[in-house]
Structure formats: structure tokens, C-alpha cells
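Colleague: I'm new to reading protein structures. Could you walk me through this one?

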Amino acid sequence: MLEKTYDPQAIEQKLYEQWEDGGSFKIGSRDNAQPYTIVIPPPNVTGSLHMGHALNNTLQDILIRHERMRGRDALWQPGMDHAGIATQMVVERMLEAEGTKRRDIGREAFIDRVWTWKGESGGLISRQLRRLGASADWSRERFTMDEGLSEAVLKVFVDLYEQGLIYKDKRLVNWDPKLLTAISDLEVQQQEVKGHLWHFRYPIEGEEGRYIIVATTRPETMLGDTAVAVHPEDERYADLIGKHAILPLVGRRIVIVADEYADPEQGTGAVKITPAHDFNDFEVGRRHDLEMINVLDQEARINENAPEAYRGLDRFEAREKIVADLDALGLLEKIEDHTHMVPFGDRGGVPIEPWLTEQWYADAATLAKPAIEAVEQGKTRFVPENWTKTYYEWMRNIQPWCISRQLWWGHQIPAWYGPDETVFVAHDEAAAAEKARAHYGKDVELRRDPDVLDTWFSSGLWPFSTLGWPEKTPELERYYPTDVLVTGFDIIFFWVARMMMMGLHFMGEVPFHTVYIHALVRDEKGQKMSKSKGNIIDPLELIGEYGADALRFTLAALAAPGRDIKLSPQRVEGYRNFTTKLWNAARYCQMNGCVSDPAFDPSACTQTVNRWMVGEMARLRLRLDGALDAYRFNEAAQAAYQTAWNTFCDWYLEFTKPILSGGDEAAIEETRKATGWALDQLLLMLHPFMPFVTEELWQQLAPQGRETALIRAGWPEYGEEMVDAEASAEMDWVVRLISLIRGTRSEVNVPAGAKIAVLLKDLDATAEGRLERHRDLILRLARLESIGITTDIPKGSIQDVIDGATLVLPLADVIDIGAETQRLKKEIGKLEGEIGGLEKKLANEKFIANAPEEVVEENRERLAGAMQSRDRLNEALARLQAA
RNA sequence: GGGCGCGUAGCUCAGCGGGAGAGCACUACGUUGACAUCGUAGGGGUCACUGGUUCAAUCCCAGUCGUGCCCA
């Protein structure tokens, strides 16, 4: 017997172990089935499960479980990302706590420490994903730094280098002066900062007392100025173009150039040019062939290229001193408050410095071309579709991708340098030495490039590296291209774009045919969750309180495309109640001997209620598959919820009670089996959303156990052919009649416990048949003593109408004639309004001419129905007033 | 400045060319051997505004106002 209440904590872990240990998540047992593949967005090895993960993985699990039940050979490929900077920072903090630093212990020892850390503490998240119920094939779990994936990275680097798509270049990069590494454009966050705009006077050479005033937000970079730019059409400065200014504090002679970059509206219209420390100035410098003077070291301190007085000063100290010194010289014109955007490194959290260094780059523009075309040709499709535009925007304006990082944790770049700095890129040192020997004609000492690759370089290979590439494995052959990628929009550029480029380049095929982009999970007020705001909702806490199924169902139900999710615990509580409801319905079935029978044929039911219910299940199956195939998780969840709660629990189980307690053995038998069958169908169809409670019920309800666990059970395949339109119409009418009686009762305050007698007048043949067939359940559900047919209306009756009959409640003793008159008049008024509108519409020739025939017909029927109801109510009103 | 969204019941949101919906909250009543984590009933909306297209607009188009995000 089922427990009185459902306790998720008691069963979730047990079932998960049963699934995992039983190999339910594993591929390899369905060789004849069509594969279905999803690769997980690999969480950082440092990560722990947050609400975004919970959503992301719930959606993937719904898709995987759905397809697995449909019989596909479903692979959900799990794994983790080594997360270069994040992981290195974690271990560096540990070292710091021990009073040491990575440079003190050296590269090799440091990397050993990282691996040790990973072994001990890494991968917490994969245990947390299990608590969520994620049915990934953990036996295939991969890590971006494991041997196979590292091999893939090596091959990709070497191949791209040999194809000329990877190269070294010296240009400005985003330099993080705290982490001491270059980072990519994407890792830079622009933040609004309240700063100042300083106006300085630069003396004009040879014109005593004349100055050009430049405005800057970064005074410290003036030490590296090599020009002043003005707009070519700016008349204020026309005569200065080509002349020189003398750079104060430094004494350098710098040219005044005309360049459209100078905005006459901004500041003074004259702008100082520091080609080595600003991306825009760098371009100006190129155009005018200006000298680039680097005045900062790697930690953003003033270096030896600046006057001695400033050397060694931090960039912010230098700023203060320079302003003070210029002021002392009378060269400070003014200081304005100024709010502007400052680039920050997303990991280090300090302003990044555009800095001139040599780095490795990937030719993203070339790689992007096929990736753009693939989407244009529909080979990969974004859902919702509007993300396509975002993808194009970025891909069409893509910049060279800086792939080298000055870190230790990551894939070390397979490049070796000879004594004269000639570079040899090769799979390993031996191969590099081979190349060097060929180049120099002798053996030389080689030095390996110390840099590692951007983490996204390896995650870009994820859809094929996890399947075994560069080996030609059977898995690679079978599961690539994958089917759908499920992710948040924030990593379209970081990850999706890179996978598209790499997949097309190395596999010759798109990595997935669909990219489903889901929303962000926010708190209940719509704010982004963040540690600093303290509004983080921990998915594991919710799982602990309400169960994994409740959380999963909530996320699915709220996952409407294109809108962020505002998550409130109250909502989760509501879906927890739904699991309870399902549990109780199952208990009821069990108590009443309603168990499924493998021999039961739902299409052979004779009882109308059962035929109706079977049709409802078929409708649900169609709605669910339709919604899930379109990635409309919210619609799918809603459909399942409605059918389970409203249709099955509220109506069907109530409808069948009179049968089960009646004397018709054949009907009882059929109804028991039908009820057991229906519950099974609900468990099947709810399983992708709520795997735990459904599996538990599935197993507990089977008298002799089940052949297959629910996770591997077959998805329903029936459809329209199971819908008996007649039975549907009939039961809908019964529902309307019962609702009408209940509503009327409550409106005139008949006590809930009182059983009353009602009459039906002017029944048509259909209604009469329906009444006779369902008398018992109408009596029970409407709480009636009797329901009869009359041609006469007793005095003091309340009346209302339903299609095919007038409802009469003889309640002379409780009726308030005044109130009842008002009620009827109000209802008649409403109908009159509707009739007026419909008549007007149907009198419109253009409507008749242009609207589709079925719409016209529908309106005619509605008009007829409304008129009939109105007439019956008018009659009722007349009788009431006559009484 | 460019791009993408969103303004529908008190709240959170579905719907998106032909009869305004759900959940929660609220009100009233609790009766039936699954369920009070529940049941039944009820109140509550010029579908932001202004124009246009259409036989027909909450839905399509344009503009306005408000609001959010992404990129410069």
C-alpha cells in the first residue's frame, strides 16, 4: 500500500541509484534505433549547481527522457570544463592561504596541485545534477583536460596553424593587469564609472603662449602620447594641422594630425593620441604612421619609457601625480565630472589595459564564414528564431580571436622556439625537434611556448571531442552531428559560435541541427540573481524542501520561449502540491483495485466515461508531443498538469465512483482496468517532467512488478483515432450540466450538504439519452436527491438553461423572488448583448462574403444557441413573475 | 547610437486574426472513505495609448509613452 503522503527525500536517491546502477542512462543497447544526442554545456569544474544550471539541465533531461521513451537511442553526453582562469584562481587562493604562491612552487608543482584539487573537490556539480534527476550517461563523462580531449586540442591547433588559420601577431590586446594575462573581447565587461574629464594645455611649438587643449579620461597615458588629433573640418584647429605640440612633462615633440576620429562635439574637439594604450588611438596611429610608445608594464605600472619621476608608479598613482604636476605648471585647464564606460576583466575584476603584446590568434573571420552559411541555409536553426539575428550580428563582425593566455592551467600551446625565435608548431616536442632539425640542419635547443589556450578553444570541440575525435570511433560516426544544443543566450558567442566554426571545419558538418536558447532565471522580483544582491535561490534547497520533481516541473512550466523566468518558491510549492495530488490519485486507484492490465485494450471500452477518458489521454499525447517537438516546454507542462488534475482527478475519478460502487460487474471490471490504464498513461507522459514520483508510482502500483522501469517504458503512440467524438460531446454536456447545477445552487445559497431535487424541462432526445445514461453520476456530483423530467414548472422555481434543456430547481422555500428576477434579467441582458453583436455581424454582407464558411456557420450556431437560451430564460422570468 | 524583447485579472504570466485564459492571491461554503499539500462556487480585465490594414484586431503594420536586456 502506498504511504499516506509522498516524501521525495525518501525515494529520490534510491531511484536514481537504481537507474544509474541499472544502466538506464547508458547507450549501447539500442543498435537498431535512431540515435538522439545532446551534449551537455559542460559546467566549470569549479562550479556548483545554480538556478541557471537547474533550468538548463531540466530542459535537456525532459528532451532526453522523452526521446528515450519514444524508443530513440538517446545519448546525453556529460562532462566538465577545466575553466582555465576560474580554476587557477581557486588553487591560487588555496596557496595564498598556505602563505605561498604559484611562482614559488613552479609550474609543474602547481599543475599537480590543480589536479589534486580536482580529484578532491572538483566535480561537485555532477553529483548535484544527479539530485536533479539528470539522466546523462555518466559512464561517458569527459573533462576538457583529459587525455583524449587534449589530443583533440593538439590536433586542432596544429592543423589550423598549418592551414594558416592560427598565427602570431603583435597588436593591442585586452590585458588584465591583475591576472597578468591577455583575455578575449568577450571576457571584457564594459562598466559605467563616474570619473572625470581632464582638460590639459599642450603648448604649440614655436608659438609662445599658444596651446591646444585636449580632454582625456586617462591622464596617465599622456606619457605615451605621440600625436594630437583634430577633425579635418574643424575650423578652430585648421591652421594647426601639421604643426607640432610639445608634450608637457615629457618634452616630446608630437604632431597635430587631422583625423575623423576626433569628434568636434566631444570635449574640446582635440584629442590626445596614445597608440600603445587605446584601441581607437591604435588605429589613428596606424593611419598616420605614428610611433607607439608603451609606458606601462604588465602590472600597469609606469615603465622605463616614461620620465624617471613617474617610473614604478601604479597607473592610478601616476594619474594623480600627473594631474598635480600639470596643474603646477599651469597647464590644467579644467576638470569636469564625466561618466563613461570602463572595460573590466570579468574574472580579475580590475580595469583591463589595452596593451601591446605578441599573442596567438585564430582567424575567426575565415572560420566564421561556413558557420554563417550553415545557419543561412537552415542547417542549424535557432529556437526562438530571433537569436539568429544576434548570431549573424556577431559572426559577421567577428574580430581575430586571441587564443593565448598567460596562465598555467590549461592546454599548453604546442609551439617551440629555436635559438633565433623561429617557431615550430607540432604535435609534440619530438616532432618539433624534427622540424627544427630540418630548418637549422642540426639539433638545437628548443624552448616551449609557456602560454595555454583559451578555455573556449577546447570547449569549442566538445560535440565531437567527447565522442572520441580525432579517433574515428563508432560513437563519433553514430552520434555526430548531435541533435539539439540547449543553452542560455549569454554563451551564444563564447560557445555556440565556436562549436559551429570548429564543427564545420573539422567534421564538415554542423554540430547540431537546433540550438534552443532558454531564458535567464531571475528572482521573484525580476532581478538577476547575484551573490552581492543576496537574492540567490539555491536549487538544492528547493529540492530539499519540495523535491526535485516540483522544481523541475516549475522550471518547465515557466520556460516560455523568449521571456525570463521569475522564480518564486511559492510557485514551486504549487507544483509540489501537484505531485501530492498525483500520489493521492494513485492511492485512490490502488484502494479501488484499479490496476492496469497488459491485456486491456483502451479502444474497446464500452462505457461512455471510459471512452471519453481514453480520448482525453490521446489528446494529451498529441498536445505533449506537439509541444515538446516545438520546444514549448511550458505548453507541454501545462497540458499534462491540466489533464492530470482537472480531467483525470476532478472529473474522471468522480464520474466513475458510481460505477465502481454499483452492481454492474462488467462495467466495474472495465472501469477498474481503464482507470489503471489512464493512470499509467499519466505516469508515462509526466515522467520526463517528474521522473521520481512517476517512477515510484509505476513500480509500486504494479501487482507483480513491471517488466521495464518507467524510464525505459514505451511512450504512448495513439492519437486521434482514439477520440470518440460522441463520447466527448456527451461527457462535456454532463460536465456543463453538473457545473450549472452547482453554480445555481451556490448562487442561491443552497447549503453544500443539502440534497435537492431538480427537474429538466423541454429536453430534446439527445439530452434525454444523456441524462438517462449518466443519472447516477449527475446525482452524486451535483449533490441531488433526484433529477426528473417535467413539462410543468412548479411555483417558486429557479431556472436556467443548458443546451437541449431548461434546468428547474424547485426551491419555493428558499427562493428570493426579487433576487432571482434580477439574476435572470442580468443573464438575459448578457445574452441580448451577444445576440445583438452576432446579428449585426451576420447581417454584414461583407462578412458573409469574405469570412470562411465554417466561421460563418459557427456564428450562426452561436446565434441560434444564444437566442434559444434567451427565450427559455424569458419564459422562466415570465413564470417567476406570474407566480 | 545599433539590435532584441516586453507592457493582458491584485501578482506571475499563457494566448497572438473570428466566443478574454491559467496558477497564485482574494471572498464564501465545506459535503462524498484518494487528497485540507484538498473540494465546490464566486468576484475581478476600455488585452498601455493613437492611428492604419481587414468583413473581423488583444493578436498584423506604423507611431507614441513606459520598461528590460545585449552590443558600441
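Modeller: Sure! First a term we'll need: two residues are in contact when they have heavy atoms within 4.5 Å. Also keep in mind that this is a predicted model.

Colleague: Okay, so which residues in α17 do Gln-128, Arg-131 and Leu-132 in α6 meet?

Modeller: Let's place the helices before naming the partners. Helix α6 covers residues 124-132 and helix α17 covers residues 539-546, and their axes are 11 Å apart at an angle of about 35°. By class, their contact has three nonpolar, two polar and one charged residues. On the α17 side, the partners are Leu-540, Ile-543 and Gly-544.

Colleague: Is the crossing of α6 and α17 left-handed or right-handed?

Modeller: You judge that by how the near helix is turned from the far one: anticlockwise by less than a right angle gets one name, clockwise the other. For α6 and α17, the crossing comes out left-handed.

Colleague: Moving on, does Glu-696 count as buried or exposed?

Modeller: Glu-696 sits in helix α23, residues 691-701. Leaving aside neighbours within four places in sequence, Glu-696 is in contact with Ile-11, Lys-14, Leu-15 and Trp-583. The cut-off for buried is under 20% relative accessible area. Glu-696 has 5% relative accessibility, so it counts as buried.

Colleague: And which helix gives the most to the largest nonpolar core?

Modeller: That core has 232 residues, and Phe-457, Phe-648 and Phe-655 touch the most other members. The top contributor gives 14 residues and spans residues 633-660: helix α21.

Note on methods. Residues numbered from 1 in each chain as written. Chains lettered and ligands numbered in written order. Predicted model: local features only at pLDDT ≥ 70, side-chain atom pairs only at ≥ 80, totals over all residues. Heavy atoms only, no water. Axes fitted to C-alpha atoms, helices over the stretch in contact; angles between N-to-C directions. Helix = DSSP H or I, 4+ residues; strand = E, 2+ residues; numbered from the N terminus. Nonpolar A, V, L, I, M, F, W, Y, C, P; charged D, E, K, R; others polar. Buried < 20%, exposed > 50% of the residue type's maximum accessible area, 1.4 Å probe, protein only. Core = buried A, V, L, I, M, F, W, Y, C linked by side-chain atoms within 4.5 Å.
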